[in-house]
Amino acid sequence: MKRTIPAILAITLFLFLISGCSSVTYKAPLSAVRVFIDNNASPVPLSEDAQTQILSMLNNGDWTETVPNCLYDFSFNANGRLIKYHSCGTFYDVENRLWMKLTDEQTDFVNKALGVDIVNARTSR
């Protein structure tokens, strides 16, 4: 019995530490660049509202551990974390190898904030 309690506490602590490490939090400042086929990049100004909304999407989204088969036309930097974005509505967290698909409404919001032609982006989804 004396060995069981410390073992249970050790296992509980281990599980707590593992679950704490797996959650990713994206923080401001958030910046964006448009990436072109020739690897040139052009900064995209984001309003404070757009930064707040996009960070909320990143922090509250349904991320999966798959790597999408998608080319990206934008890169975000969220306080040092690289997140790639395609205007069809997909985010890819490079460091954590996590992928998220946005809803149509979220995609339209992000595309508008980035200056993407929403009509053409919808046809590529």
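**Exercise 1. Work out which classes of residue make up the lining of the largest pocket.**

Solution. Start with the class rule: Ala, Val, Leu, Ile, Met, Phe, Trp, Tyr, Cys and Pro count as nonpolar, Asp, Glu, Lys and Arg as charged, and the others, Gly among them, as polar. Next, list the lining: Arg34, Val35, Phe36, Ile37, Leu71, Tyr72 and Asp73. Sort them and you get five nonpolar, no polar and two charged residues. As for volume, the pocket comes to about 190 Å³.

What counts as a pocket here? On a 1 Å grid over the protein atoms alone, a pocket is an open set of points where a 1.4 Å probe fits, with protein on both sides within 12 Å along at least five of seven lines; lining residues have an atom within 4 Å of a point. Grid points are joined across faces, edges and corners, and the volume is the space filled by probe spheres set on the points.

A word on the model: it is predicted, so local features need pLDDT of at least 70 and side-chain atom pairs count only at pLDDT 80 or more, while totals for chains, interfaces and linings use all residues. Residues are numbered from 1 along each chain as its sequence is written, and side-chain values use heavy atoms, with hydrogens and water left out.

**Exercise 2. Trace the strand order of the open sheet and find its edges.**

Solution. Strands (E, at least two residues) and helices (H or I, at least four) are DSSP runs numbered from the N terminus, and two strands pair if DSSP finds at least two bridges between them. Six strands then line up as S2-S1-S3-S4-S5-S6, with antiparallel pairing. Strand S2 (41-44) and strand S6 (98-101) sit at the edges; each has a single partner strand, so one side of each lacks a neighbour in the sheet. On average, neighbouring strands are turned by 25 degrees against each other, direction ignored.

Now check some pairs. S1 and S2 share four bridges, with Val35 opposite Ala41. Five bridges link S1 to S3, where Leu30 faces Ala78. The S1 and S2 hairpin has five residues between its strands, and Asn39 in the turn has a positive phi of about 70 degrees.

**Exercise 3. Describe how strand S5 (residues 90-93) is placed between its partners.**

Solution. On one side, four bridges join S4 to S5, and His86 has Thr90 as its bridge partner. Three residues separate these strands in their hairpin, where Gly89 takes a positive phi of about 105 degrees. On the other side, four bridges join S5 to S6; Phe91 stands opposite Met100, and Asp93 is partnered by Leu98.

Then look at the side chains. Thr90 and Tyr92 point one way, Phe91 and Asp93 the other, and all are buried (under 20% relative accessible area, 1.4 Å probe, protein chains only). For Thr90 the relative accessible area is 5%. Beyond its neighbours within four places in sequence, Thr90 has contacts (heavy atoms within 4.5 Å) that include Tyr72, Lys84 and Trp99.

**Exercise 4. Say which strands helices H2 and H3 touch, and at what angles they run.**

Solution. Axes are lines fitted to C-alpha atoms, for helices over the stretch in contact, and angles run from 0 to 180 degrees between N-to-C directions. H2 (residues 48-60) packs on the sheet, touching S1, S3, S4, S5 and S6, at about 90 degrees to S1. H3 (residues 104-114) lies across S1, S2, S3, S4 and S5, at about 105 degrees to S4. Buried residues in H3 include Thr107, Val110 and Leu114. Just past H3, Gly115 has a positive phi of about 80 degrees.

Notes. Buried means under 20% relative accessible area, exposed over 50%, partly exposed in between (1.4 Å probe, protein chains only).
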